[in-house]
Each structure stands twice: as C-alpha cells, then as structure tokens.
Amino acid sequence: MRDSGCIFCAIATGQADASIVYEDDSVIAFMDLQPVTPGHLLVVPKTHTVGLEDLDEDIGIQIWKVAHQLARALRRSGLRCEGVNLLLADGEAAFQEVFHVHLHVFPRFAGDPFRIDADWRVHERGQLDETAAAVRGGVVALDLGSD
Ligand code: ZN
C-alpha cells in the first residue's frame, strides 16, 4: 500500500508536511513545493502507484474529477488565473521526478514563466496514418473496447 521513502505516501499518511487543499478516501491534493505559478497543485492517489501502468482506472477517474474541480476552484481563488494546465508526467523520459503518480494543476497567465518547447510543425497524413496504426496495435494489445 505504502512505499517507505516515498514523499507522496508520507504526505498521504500525514507523516510529512504539505499544504493540503483537498482530501477524500482515495486522493489528496496539496501545493507543489516548487510551484511554476502560485496555486500550483498536485493531485495524487493515497495508495502508492508509480505511474499510468499500475494506476487503478477508478482512482484515475477520481484524480481527474478532483483536478477538474480544483482547476475551477483556482479561477475562484483570487489567485492570478487566466487559464489552467493539467499535466501528468509518466516516466523518467517524460520528466517524472517523483515516482508516485501525480497530476499537476496550475494557473496560467500572460507572461508567466511556464514553457513547453517542441517541434509543432504539421505532419503529412501518411505519416499520421502510420503512427495511428502503431497506436491501434497498442489498443489491440490492451484488448480495449472488447466489452
Ligand atoms: Zn508513494
């Protein structure tokens, strides 16, 4: 259930300090220690879960529901919030740093310091279709949509 040495497990069990904004039976939400903007929150499952591979689907739904409502709460908080980003980093290559799954929720505003750098050019349809076929292979491997 809990991974000793995991900071988010320690927060979930009250053994480490956090500025908590919401808690229910399965998830807890608190302020990120290194906020990209004031109001930057993390929503995490109370049960130790590394990432999307081992995340229970119903807990994932609850994480999203709480993040959705907290994003709405940010807009009513008085904090500067002209927009909101929800961001989940799954795996080291995706810049996951704490290996207990967490969904970032943070306010955005004109001129804020958050940046995502990528190659945004449009790809050809043939290339997109080829990539889609690879993803569909993954969908088949997971046996999705068969029930
Ligand atoms: Zn943990």
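**Exercise 1. Work out what share of the contacts with a separation of 6 or more comes from residues 24 or more positions apart, and set that beside the overall make-up of the protein.**

*Solution.* Start with the contacts: in this predicted model, residues 24 or more positions apart account for 52% of the contacts with a separation of 6 or more. Next, list the secondary structure, which consists of 3 helices and 5 strands. Reading along the sequence then gives the order α-β-β-β-α-β-β-α. For the overall extent, the C-alpha trace spans about 50 × 40 × 30 Å along its principal axes. Finally, of the 147 residues, 32% are buried.

**Exercise 2. Trace how strand S2 is paired with S1 and with S3.**

*Solution.* Begin with S1 (residues 20–23), which pairs with S2 in the antiparallel sense over 3 bridges. A hairpin of 3 residues makes the connection between S1 and S2. To place the register, note that Ile-20 stands opposite Phe-30 of S2. Now turn to S3 (residues 41–45): S2 and S3 also run antiparallel, joined by 5 bridges. Here Met-31 has Leu-41 as its bridge partner in S3. Last, check the cover of S2 (residues 27–31), where 4 of the 5 residues are buried.

**Exercise 3. Compare the length of helix H2 with the expected value, then find which of its residues are buried and what they pack against.**

*Solution.* H2 covers residues 57–75, 19 residues in total. From first C-alpha to last it reaches 28 Å, close to the 27 Å expected at 1.5 Å a residue. At the start of the helix, a side-chain oxygen of Asp-56 comes within 2.9 Å of the backbone nitrogen of Asp-58. The buried residues are Gln-62, Ile-63, Val-66, Ala-67, Leu-70, Ala-71 and Leu-74. A helix of this kind has 3.6 residues a turn, so residues three or four places apart point the same way. On the other side of the packing, the buried residues of H2 meet S1, S2, S3, S4 (83–88) and S5 (103–108).

**Exercise 4. Identify the protein donors of the zinc ion, describe the geometry of the site, and explain why Cys-6 counts as buried.**

*Solution.* First, collect the donors: Cys-6 (SG), Cys-9 (SG), His-48 (ND1) and His-100 (ND1) lie 2.0 to 2.3 Å from the zinc ion. Their spacing in sequence is C-x2-C-x38-H-x51-H. Second, look at the angles: they run from 104 to 117° among the 4 donor atoms, and the site is tetrahedral. Third, apply the cut-off for buried, under 20% relative accessible area. Cys-6 has a relative accessible area of 8%, so Cys-6 is buried. Cys-9, at 1% relative accessibility, counts as buried by that cut-off too.

How values were computed:
Residues numbered from 1 in each chain as written. Predicted model: local features only at pLDDT ≥ 70, side-chain atom pairs only at ≥ 80, totals over all residues. Heavy atoms only, no water. Buried < 20%, exposed > 50% of the residue type's maximum accessible area, 1.4 Å probe, protein only. Helix = DSSP H or I, 4+ residues; strand = E, 2+ residues; numbered from the N terminus. Pairing = 2+ DSSP bridges. Expected span 1.5 Å × (residues − 1). Contact = heavy atoms within 4.5 Å. Polar contact = N/O pair within 3.5 Å; in protein donor to acceptor, adjacent residues only side chain to side chain. Donors = N, O, S within 2.8 Å, 3.2 Å for Na, K, Ca; no water. Tetrahedral: all angles 85-135°; square planar, octahedral: opposite > 155°, others 65-115°.
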